[in-house]
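Trainee: I have a chain open on my screen and some questions about its fold. Can we work through them together?

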Amino acid sequence: MSRRRKYSPEFKREAIALTRQPGVSCRQVALEIGINPNLLSRWCRCLKVSASGYYAWVSRPESARSKANQHLLSRIREIHDDSGGMIGSPRMHEDLVAEGASTSLNRVARLMAKHGIQGWPRKKRGRLGRQSYRPPGIRNHLERDFSALEPDTKWVTDITEIPTQEGKLFLCVVLDLFSKLIVGWSMHHRQDRHMVIRAVEMAVWQRQGKVPVILHSDRGSQFTSGDYQRYLGSNRLVSSMSAVGHCGDNAACEGFFGMLKRERIHHRRYRTQNEARADVFDYIERFHNPRMRRRVAAQDRKLFADLKPSVGTG
């Protein structure tokens, strides 16, 4: 039996903030971020938020269906807008197929090119240098093997910075190497050990089972701190750390940060840190995590179909 999920105050605050957007209902937000609509409603009531701001549904005109391409193009535009205008034809095709559409990659690419719909190219970037010593007894358990056969067996964590006009906002994430879900995250204007522990705490709350989990990081002072190491030890988490200067040892987290910045942050100018917080929460919980869940579901369906006996073989 699965454990009841717990949510951090930070998660609740950002979820409620999403419901304040015009034309968005509480139920819609809850389903998009994968929680029970009644639970989100209770959070809103506890904070004395007006219900009228959360239950307004958007009346969107139905797209034209006279031609198959017209209908497909309408959905392409919607997905492209929801992504912040960043995904290209390969990932667009993946989303459409996940929704049940029967179409080819060439057809999607042709429609997008014809109507000037395109994704954003990869942007080169540097890396924060935060390497320090590795505590005694801690070694690299991953050795750049970023594969995982089951969820909640291998996690990776790291920190990145997000520029705003109020100053830098720091984001720490915990990524599951099996599902590529962001199972824990936290944001703060200081990149200290408390922010890191909050992100790991969120991941621990959502973990199913009590099997020890490898948690890999670099040698930043936040991860080598005594408080962080003690928290890992008390929650059946096995600390793993990279070698000095080997950013490739944490490539999975770096890859997520690259997508986040390429697909969202590099196309925004945040006036405040709260504005950045809301946008990053939107990206993680309404865009990235749902996409990863669809991928896992598609892999499960494929595996089931491969294992299912055929009529001929019995």
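Trainee: What span should the 14 residues of helix H7 have, and how far apart are its end C-alpha atoms?
Mentor: This is a predicted model. Helix H7 covers residues 193-206. Each residue counts for 1.5 Å, so the expected span is 20 Å. The end C-alpha atoms agree with that, standing apart by 20 Å.

Trainee: How many residues of H7 are buried?
Mentor: Buried means under 20% relative accessible area. Met195, Val196 and Ile197 are among the residues of H7 that meet this. H7 is mostly covered, and the buried count out of its 14 residues is 10.

Trainee: What is the strand order in the sheet?
Mentor: The sheet is open, and its pairing is mixed. It has five strands, in the order S3-S2-S1-S4-S5.

Trainee: Which strands stand at the edges?
Mentor: Look for strands with a single partner. One side of such a strand is therefore left without a neighbour in the sheet. That gives strand S3 (182-188) and strand S5 (237-241).

Trainee: What is the average twist from one strand to the next?
Mentor: Go from strand to strand and take the average. The twist is 20°.

Trainee: Which residue of S5 is the bridge partner of His216?
Mentor: Strand S4 spans residues 213-217 and pairs with S5 over five bridges. The sense of that pairing is parallel. In S5, His216 has as its bridge partner Ser240.

Trainee: What angle does the direction of H7 make with that of S3?
Mentor: H7 packs on the sheet. It touches S1, S2, S3, S4 and S5. Its direction and that of S3 make an angle of about 155°.

Trainee: At what angle does helix H9 run to S5?
Mentor: Helix H9 is made of residues 226-234. It lies across S1, S4 and S5. To S5, it runs at about 135°.

Trainee: Which helix gives the most to the largest nonpolar core?
Mentor: Nonpolar side chains tend to be buried together in soluble globular proteins. Here the largest nonpolar core has 54 residues, with Phe11, Leu171 and Trp185 among those with the most contacts inside it. Six residues of this core come from the helix that gives the most, H11.

Trainee: How many residues has the other core that lies apart from it?
Mentor: Val200, Ala203, Leu215 and Leu232 are among its members. Val200 and Ala203 are also buried residues of H7. The size of this other core is 24 residues.

Trainee: Is Ile159 buried or exposed?
Mentor: Ile159 is found in strand S1. Leu171 is in contact with Ile159. Ile159 has 3% relative accessibility, so it counts as buried.

Trainee: Which residue has a side chain joined to that of Arg264 by a polar contact?
Mentor: Arg264 sits in the loop between helix H10 (251-263) and helix H11 (273-307). Its relative accessibility is 2%, so it counts as buried. A polar contact of 2.9 Å joins its side chain to that of Asp279.

Trainee: What is phi of Asp152 near?
Mentor: Asp152 lies in the loop between helix H6 (105-114) and S1. It is buried because its relative accessibility is 12%. Its phi is positive in a residue other than glycine, near 60°.

Trainee: Is Lys180 buried or partly exposed?
Mentor: Lys180 is in the loop between S2 and S3. Its phi is positive, about 65°, although it is not a glycine. The relative accessibility of Lys180 is 33%, so it counts as partly exposed.

Methods: Residues are numbered from 1 along each chain as its sequence is written. This is a predicted model: local features need pLDDT of at least 70, side-chain atom pairs count only at pLDDT 80 or more; totals for chains, interfaces and linings use all residues. Side-chain values use heavy atoms; hydrogens and water are left out. Helices (H or I, at least four residues) and strands (E, at least two) are DSSP runs, numbered from the N terminus. The expected span of a helix is 1.5 Å times one less than its number of residues. Buried means under 20% relative accessible area, exposed over 50%, partly exposed in between (1.4 Å probe, protein chains only). A polar contact is a pair of N or O atoms within 3.5 Å; within protein, one must be able to donate a hydrogen and the other to accept it, and residues adjacent in sequence count only if both atoms are side-chain atoms. Two strands pair if DSSP finds at least two bridges between them. Axes are lines fitted to C-alpha atoms, for helices over the stretch in contact, and angles run from 0 to 180 degrees between N-to-C directions. Contact means heavy atoms within 4.5 Å. A nonpolar core is a set of buried Ala, Val, Leu, Ile, Met, Phe, Trp, Tyr and Cys residues joined through side-chain atoms within 4.5 Å. Lists of a residue's contacts leave out its neighbours within four places in sequence.
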